[in-house]
Structures are given as C-alpha cells and as structure tokens.
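Here are my comments on the model you sent, set out as numbered points. They begin with one local strand pair, and go on to the sheet and the charged side chains.

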Amino acid sequence: VLFKFEANYSLQTYVNIINNSELRQNQSQIFNSKFEIKTGFKAKVNFQNAISYNRMAASSVGSNTFINESSTNSFSLIYKNSKNAYFSFAADYFLPNIANTKENYWFFDANYSLTAPKTKYKIDLILKNIFNTANFQQVSTSDFATNVFRSNLLPRYGMLRISCNF
C-alpha cells in the first residue's frame, strides 16, 4: 500500500490600481493539497483514491477577502480476472465551490481489456462519460475580477479497440 501526501503554499504581495483608485496593497494566498492511497496487492482487486483540496484567498488592505475553495476525489478500481483480462472503473467527483455543494459533478468511465492467449492481439472495450455529463464550470472571484471556466465535454461514448504487437 502506498500513501502519498503533497502540499503547496504560496504567498504573494503586490500593488495595483483599479478603476482610478489609489495604489493598493494586495495579498494572494494559494494552498493546494493532495492525499493519495494506492494498493498493489497480488489479489485480484486493487484500487487507488486521491483527494485534493485547493484554496485561494485574495485581499486588499481595507477591503474584503475573497476565498475560493474547491475539492476533487478520484477513485479507481481494478479487477484483474487473469493474466490476460482486467476490468477497471474510474469515478471522479468535482466540487468547484465548497460553499455551494449543490453544484457538483460526477464522471464515470470503465474499461475492459482482454489479451488473447498465445497471440499478439489485445481487445479493449472502453466506455467514457457514462452519465453523459454535458459540461462543468468553475467560478472564481477576486477583488477585481470574476473568472468563469466552463468546459464542454464529449457526450457518452463507447469504443472498441483492437491492437496487435509485433
């Protein structure tokens, strides 16, 4: 079993002028963290899970502080039936604004892989975006801007892949 923790923190101070204001002293704090667990058992079932948390706080002297927090959780399950076949399932949860838990996103993918015994052929059945999520967006606010990141996703699809090794 592998446990891994990463964290980054940055602090920036800067000055700016907004809409003919006086020169303002500003501060930006960014914190990112990720905790991951991954198994590598000789058993048929293994998994990995990664949880991340992101926080950005922006403020000006004599002004409000704007805080943006988000979180993601990525889970994968691998079932290896034999040396030649395995099934994997991935679920991703994205919470773009921790203060508003009603707006969250789930993404599910699956893959079945089979290598034909004593041949050079491999067959994969891949399913992506199983719940057919059309898009997701994340809004972040600071003292001088509101940024909206919106991403359109490919619709649900399945793919059959056949490959050959020489």
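1. In this predicted model, Gln 138 stands opposite Phe 149, a residue of β9. The two strands concerned are β8, covering residues 135-141, and β9, covering residues 146-152, and they run antiparallel with seven bridges joining them. The connection from β8 to β9 is a hairpin of four residues.

2. The open sheet is built from eight strands, and its order reads β1-β2-β3-β4-β5-β6-β7-β10, with antiparallel pairing. The edges are taken by β1 (2-16) and β10 (157-164), and because each of these has a single partner strand, one side of each is left without a neighbour in the sheet. From one strand to the next, the twist averages 10°. As general background, strands of a sheet pair through backbone hydrogen bonds, in either a parallel or an antiparallel arrangement.

3. Within the sheet, strand β2 (residues 24-38) and strand β3 (residues 45-60) run antiparallel and are joined by 13 bridges. To fix the register when inspecting this pair, one may start from Asn 26, whose bridge partner in β3 is Ser 60.

4. Further along the order, strand β5 (residues 85-95) is joined to β6 by 10 bridges, and these strands too are antiparallel. Here the bridge partner of Phe 94 is Tyr 105, which lies in β6.

5. The pairing of β6 with β7 is likewise antiparallel and extends over six bridges, with Leu 114 standing opposite Ile 123 of β7. Which residue takes a positive phi in the hairpin of β6 and β7? That residue is Lys 118, with a phi near 60°, in a hairpin that has five residues between the strands.

6. Turning to charged side chains, the structure holds four salt bridges, and three of them are described in this and the following points. In general, side chains of opposite charge can pair when their charged atoms come close. One of the salt bridges is formed by Glu 6 with Lys 4, where the closest N and O atoms are 3.4 Å apart. Glu 6 has 38% relative accessibility and therefore counts as partly exposed; for Lys 4 the value is 38%, so this residue also counts as partly exposed.

7. A salt bridge is also found between the side chains of Arg 55 and Glu 69, with an N to O distance of 3.7 Å. This pair links distant parts of the chain, since Arg 55 belongs to strand β3 and Glu 69 to strand β4 (residues 65-80), and the two are 14 residues apart. Arg 55 has a relative accessible area of 28% and is thus partly exposed, while Glu 69, at 25% relative accessibility, counts as partly exposed as well.

8. The side chains of Asp 109 and Lys 128 meet in another salt bridge, at 3.9 Å from N to O; the cut-off for such a contact is 4 Å. Here again the pair links distant parts of the chain, with Asp 109 in strand β6 (residues 105-115) and Lys 128 in strand β7 (residues 121-128), 19 residues apart. Is Asp 109 buried or partly exposed? Its relative accessible area is 21%, and buried means under 20%, so Asp 109 is partly exposed. Lys 128, with a relative accessible area of 31%, is partly exposed too.

Terms used:
Residues are numbered from 1 along each chain as its sequence is written. This is a predicted model: local features need pLDDT of at least 70, side-chain atom pairs count only at pLDDT 80 or more; totals for chains, interfaces and linings use all residues. Side-chain values use heavy atoms; hydrogens and water are left out. Two strands pair if DSSP finds at least two bridges between them. Axes are lines fitted to C-alpha atoms, for helices over the stretch in contact, and angles run from 0 to 180 degrees between N-to-C directions. Buried means under 20% relative accessible area, exposed over 50%, partly exposed in between (1.4 Å probe, protein chains only).
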